[in-house]
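Student: I would like a close look at one part of this model. Please take it step by step and keep to what can be read from the atoms.

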Amino acid sequence: MKTKITELLGIEHPVIQGGMQWVSRAELASAVSEAGGLGIITALTQASPDDLIAEIRRTRAMTDKPFAVNLTLLPTLKPVPYGDYVDAMLSENITIVETAGRSPEEFMPRFLDRGVKVIHKCTSVRHGLKAQNMGCAAVSVDGFECAGHPGEDDIPGLVLLPAAADAITIPIIASGGFADGRGLAAALCLGAEGINMGTRFLATQEAPVHENVKKALVAADEHQSAVILRTLRNSARIYKNSVAREIIALESRGNITIEELAPLVSGARGRAVYETGDIEAGVWSAGMVAGLIHDIPSVKELISRIVRDAEGILKQRSAVI
Ligand code: NAD
């Protein structure tokens, strides 16, 4: 498949791996890039900019294909030296960056100066237009189905993607709710040039997380996610476990502060889930798409299957005309 996204990023298949905190490390990103997609490592998974440099080098040792670094700009419990992480990426000559959360405006001059292609992940048409105006090369448009932060507008991909395609002229990557060839075929028909998948890649052999997390996704159906932090206007879709239920109960009482929620929502605590396999140990991101995940394939198997199925669907369905 040749699309504006495969051309722009120099990749074989229009399949991009999501920037997942604690998960998107060298092992997964290199496997995705080696399989012809675009692998992404997340900057903030690394404890310091120096650790990010080491992770970039580790990824390069595993693949010579293109990969990107994600920089998530959202509220955090501890201050993050974002500028230093940007320095680290630029010092390693990273050529593709995915930004997410708030606007990357303050970093754009430096990225553009160095010829970096910036993909901004956004959850509304207006933010996509803003990203286009500030010189982003592409936008990843994230529907309400997505894992992680869906924004506050609650517009699912089936409406958000064509609305974005009507307004935005730079290439669009469809994100949130994609797991298989049907999704890729649909995304192309809705006006996108490729798909971004997080939760689906979490349940692959190469994802560097405990097997229990992958099995939990296979066992889950589409009801198994919950949205937390709505009351703080920083909504996050996570796997619905006992911690999620506790957070929702606290939020429903009203007037809750981040300080009161911090012991429950803390990413440091959620990290233990991936490391120990105790899926009740903290919060961990998962999308509605868990309901479409039924196996734990290798990354290569998954990408090949998705592309093959999408091609088959697009050819077969053209017969209705
Ligand atoms: P963290 O431990 O600092 O914070 C935990 C959660 O609380 C996060 O969702 C964060 O956005 C939220 N939060 C923190 N301070 C807040 C405030 N003042 N008001 C409202 N909400 C607040 O975060 P972390 O788990 O170490 O993650 C680091 C960054 O990555 C955060 O910006 C987080 O939002 C983001 N993240 C991304 C993904 C993803 O898959 N893309 C998943 C988890 C977290």
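Student: How do the residues of the shell around the ligand divide into nonpolar, polar and charged? Please describe the site in detail and then place it in the rest of the chain.

Tutor: This is a predicted model, and what follows should be read as such. The shell around the ligand holds nine nonpolar residues, nine polar residues and no charged ones. In total, 18 residues surround the ligand. The closest are Pro75, Leu77, His149, Asn234 and Gly267.

Polar atoms come next. His149 places a polar side-chain atom 2.8 Å from an oxygen atom of the ligand. Gly267 contributes a backbone N or O atom, also lying 2.8 Å from an oxygen atom of the ligand. At Thr76 a polar backbone atom is 3.5 Å from a nitrogen atom of the ligand. The ligand taken alone exposes 770 Å², and the protein buries 80% of that area.

The site can now be set against the domains. The chain is divided into domain 1, residues 4-209, and domain 2, residues 225-285. Each of these two domains supplies at least three residues to the shell around the ligand. Measuring over C-alpha atoms is the basis for the separation of the domain centres, which is 23 Å. Between the two domains, 19 residues of domain 1 are in contact with 16 residues of domain 2.

The nonpolar interior also involves both domains. The largest nonpolar core has 78 residues, and Leu71, Phe111, Phe201 and Trp284 have the most contacts inside it. Domain 1 and domain 2 each give this core at least three residues. Apart from this core lies another, of 13 residues, which includes Ala244, Leu250, Leu261 and Val283.

Leu71 shows what surrounds one residue of the largest core. Neighbours within four places in sequence left aside, Leu71 is in contact with Ala43, Leu44, Tyr82, Tyr85, Val86 and Met89, and also with Glu98, Thr99, Ala100 and Phe107.

To return to the request, the shell divides into nine nonpolar and nine polar residues, with no charged residue, and both domains contribute to the shell.

How values were computed: Residues are numbered from 1 along each chain as its sequence is written. This is a predicted model: local features need pLDDT of at least 70, side-chain atom pairs count only at pLDDT 80 or more; totals for chains, interfaces and linings use all residues. Side-chain values use heavy atoms; hydrogens and water are left out. A nonpolar core is a set of buried Ala, Val, Leu, Ile, Met, Phe, Trp, Tyr and Cys residues joined through side-chain atoms within 4.5 Å. Buried means under 20% relative accessible area, exposed over 50%, partly exposed in between (1.4 Å probe, protein chains only). Domain bounds come from an automatic or database domain assignment. Contact means heavy atoms within 4.5 Å. A residue is near a molecule or strand if one of its heavy atoms lies within 4 Å of it. A polar contact is a pair of N or O atoms within 3.5 Å; within protein, one must be able to donate a hydrogen and the other to accept it, and residues adjacent in sequence count only if both atoms are side-chain atoms. Accessible areas come from the Shrake-Rupley method with a 1.4 Å probe; for residues, only the protein chains shown count as cover. Ala, Val, Leu, Ile, Met, Phe, Trp, Tyr, Cys and Pro count as nonpolar, Asp, Glu, Lys and Arg as charged, and the others, Gly among them, as polar.
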